Protein chains: 2
Amino acid sequence: MTGDTRQTIMDAARATVQARGYNALSFREIAKDVGIKSASIHYHFPTKGDLGAALAKRYTDDAMAYFDSLLDQDLDLETRFARYVAVFRAALANDNRMCLYGVMAAEYGDLPDHVRTEVDAFSAANVGWLVKALGPAHPDLDDTALRDRALAVFAAIEGAQLVARGRGDIGVFDTTIAAYRAAGFMP
Amino acid sequence: MTGDTRQTIMDAARATVQARGYNALSFREIAKDVGIKSASIHYHFPTKGDLGAALAKRYTDDAMAYFDSLLDQDLDLETRFARYVAVFRAALANDNRMCLYGVMAAEYGDLPDHVRTEVDAFSAANVGWLVKALGPAHPDLDDTALRDRALAVFAAIEGAQLVARGRGDIGVFDTTIAAYRAAGFMP
DNA sequence: CCGTGCCTACCTATCGATAGGTAGATAACT
DNA sequence: AGTTATCTACCTATCGATAGGTAGGCACGG
């Protein structure tokens, strides 16, 4: 069962960060959730920063594995994009939680350096993916314009999530995404 | 000098929240910034929640006073909208800080109820303003569609801010807003 | 097949720092 | 004298982190 506890710790930590932020994350609370003592968490993650960075990295890796699978499948643009958006929607559906990235970006000023690096990596990976996913639909845009567009789409989705959370209403996310689409800004 | 300290406390608190979040806000740190003792803050704001709520309310009031003045002035749509966006940009320009609303929305799960109420009020006020500001340019949209559009524009701006902050690069905000405009999503 | 040594994965107990909050004295102004 | 605004001094709760210990498993030489 080795490696199991480490993953369980990360599961609990991720849930807390998504619900209440990195600053609200405490070793004692994780310990209670996992069923071990807080000191034991330091065995797996020497510092809180190490835990945060590992959390963000696994989050990015998992998301990108799924997103890349969407590129491999033979899907039309709309379906592929809808599944991408659904990932961000799912966080809200899970008890008004937010994407780990969004939470950490908001708390950026309080993050240790190596956590920041992993946070940056998530947005870069998403923009890279969106360039690939949206590219074929925008033959009119050059590389730079396409990249800017991808960044803007990512930002708009994060914003929809942020505002929906601030209202505690997932319907706000849906109507916002729908409004983006109605304006022709997204597929 | 009455009322002065109260405002000074709020100024310091706002700066900290915008930089590092509501959870990172501590009475001792505010006290040091202001030049009084932490106990004295409780005289003006009995609890941290009271301070947070007052902070959010003043933030909304100040912003709306300025935004409404933009409606009173005889400005064309683009100029008015550009000045609106500039307010959100200014937070980033001020040492990579974020709009108070964005930070608090991200920490929603940890906010006392009366703080949440004030956070909700900010987004509602902004959507209301955007409906008025964008309305004339969208005679094609009915009331509901216009409201959804206003909400989406607000969310997109907040998202641009969030992502720019996560990169620690105000240029990301500018290119994102430019991409929104290039896509015809904003004036 | 048995002991020695090392490793993993936890434990208890405690550290200093800091959190929000309170009681009561004090000084100044009205 | 009463109100306002601030102070000193303290409380309890919790934070991340560390020290030191231990039970169980695996590897290896004799």
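**Entry: α1 of chain A.** I looked up which residues of α1(A) are buried in this predicted model. They are A:I9, A:M10, A:A13, A:T16, A:V17, A:Q18 and A:R20. I then asked what covers them. The cover includes α2 (27–34), α3 (38–44), α4 (48–72), α5 (77–93) and α6, again of chain A.

I checked the span of the helix. α1(A) has 17 residues and reaches 24 Å from its first C-alpha to its last. That is close to the 24 Å expected at 1.5 Å a residue. I also looked at what follows α1(A): A:G21 takes a positive phi of about 100 degrees there.

**Entry: the contact with chain B.** I looked up the contacts between the chains: 43 residues of chain A touch 42 residues of chain B. On the chain A side, I find at least two residues from each of α1 (4–20), α6 (100–106), α7 (113–134), α8 (143–167) and α9 (170–182). The largest share, 16 residues, comes from α8(A). By type, I read 23 nonpolar, 11 polar and 9 charged residues on this side of chain A.

**Entry: symmetry.** I superposed the copies. A turn of 180 degrees, with a shift of 0.0 Å along the axis, lays chain A on chain B at an RMSD of 0.0 Å. The two copies are therefore related as by a two-fold rotation axis. Which C-alpha of chain A is nearest the axis? I find that of A:G159, 1.8 Å from the axis.

Last, I compared the two sides of the interface. Of the interface residues of chain A, 98% are also interface residues in chain B, so the copies meet through the same surface.

Technical notes:
Residues are numbered from 1 along each chain as its sequence is written. Chains are lettered from A and ligands numbered from 1 in the order in which they are written. This is a predicted model: local features need pLDDT of at least 70, side-chain atom pairs count only at pLDDT 80 or more; totals for chains, interfaces and linings use all residues. Two residues are in contact if their C-beta atoms, placed from the backbone, lie within 7 Å. Helices (H or I, at least four residues) and strands (E, at least two) are DSSP runs, numbered from the N terminus. Ala, Val, Leu, Ile, Met, Phe, Trp, Tyr, Cys and Pro count as nonpolar, Asp, Glu, Lys and Arg as charged, and the others, Gly among them, as polar. The expected span of a helix is 1.5 Å times one less than its number of residues. A residue is buried if 20 or more other C-beta atoms lie within 10 Å of its own, exposed if 12 or fewer, and partly exposed in between; C-beta atoms are placed from the backbone. Copies are superposed by least squares on the C-alpha atoms of residues with pLDDT of at least 70 in both.
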